[in-house]
Amino acid sequence: MNFILPHQPIEFEIPDQWWAAAGMNGWKSHASSYVATSDPQYPTTVVPLSEVAAPVRNKNVAWFKEQRMVDVLRGFRVGDKLPPIEVDEPPTNNGFRYRVRDGFHRFYASAAVGFIQLPVSVRPYFDINAL
């Protein structure tokens with residue numbers, strides 16, 4: 001299945017076999033986001049998907065891992081508590097408040113199922129390019 005992010009011009013695909021393996025055919029959520037765990041040190045908050053810049057992979061890296069995507073989608077469907085997406089707030093204004101640090105599959109799976117909000121855990125900013 002092909003998807004387009006509602007707030008960014010990024011198209012992505014989740015293979016039909018993966019979608020079916022997760023039991024997603026015909027499934028529709030009535031929630032605005034998936035159910036997430038929370039950590040007292042970095043509590044989970046829910047933010048609009050449109051405030052989070054879509055993470056991208058390098059051209060030579062596969063976008064999704066099959067088992068990881070199937071597990072995330074299945075977790076959404078059965079209501080498992082999954083970790084929030086770890087984000088930070090970059091100091092530059094690129095049109096988005098948050099940047100994904102960890103949660104690539106959860107971000108794209110959320111967009112694919114139509115969630116309009118994301119559970120996030122805001123972490124301290126660090127410059128990934130300085131590493």
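**How the pieces get their labels**

Reader: What makes β4 and β6 a pair of strands?
Author: Strand β4, residues 52-53, shares two bridges with β6 in this predicted model. Pairing asks for at least two bridges, so β4 and β6 qualify. They pair in the parallel sense, and Val 52 stands opposite Tyr 98 in β6.

Reader: How do you know that β5 and β6 pair too?
Author: Same kind of check: the cut-off is at least two bridges, and three bridges join β5 to β6. These two strands run antiparallel, with Asp 88 standing opposite Arg 99 in β6.

Reader: Why are α2 and α3 called oblique to each other?
Author: They pack at an angle of about 55°. Roughly parallel needs an angle under 35 degrees and roughly perpendicular needs 65 to 115, so α2 and α3 come out as oblique. Their axes are 10 Å apart, and the crossing is right-handed. On the α2 side, the contact is made by Arg 68, Met 69, Val 72, Leu 73 and Phe 76. From α3 come His 105, Arg 106, Ala 109, Ser 110 and Val 113.

Reader: Which residues touch the most other members of the largest nonpolar core?
Author: Of its 35 residues, those are Phe 12, Ile 14, Leu 73, Phe 76, Phe 107 and Tyr 108. Elements giving two or more residues to this core include α1, α2 and β7. The largest share, seven residues, comes from α3.

Reader: What does Ile 14 touch, not counting residues up to four places away in sequence?
Author: Met 1, Phe 3, Trp 19, Phe 64, Met 69, Leu 73 and Ala 112.

Technical notes: Residues are numbered from 1 along each chain as its sequence is written. This is a predicted model: local features need pLDDT of at least 70, side-chain atom pairs count only at pLDDT 80 or more; totals for chains, interfaces and linings use all residues. Side-chain values use heavy atoms; hydrogens and water are left out. A nonpolar core is a set of buried Ala, Val, Leu, Ile, Met, Phe, Trp, Tyr and Cys residues joined through side-chain atoms within 4.5 Å. Buried means under 20% relative accessible area, exposed over 50%, partly exposed in between (1.4 Å probe, protein chains only). Helices (H or I, at least four residues) and strands (E, at least two) are DSSP runs, numbered from the N terminus. Contact means heavy atoms within 4.5 Å. Axes are lines fitted to C-alpha atoms, for helices over the stretch in contact, and angles run from 0 to 180 degrees between N-to-C directions. Angles under 35 degrees count as roughly parallel, over 145 as roughly antiparallel, 65 to 115 as roughly perpendicular and the rest as oblique. A crossing is left-handed if the near helix is turned anticlockwise from the far one by less than a right angle, and right-handed if clockwise.
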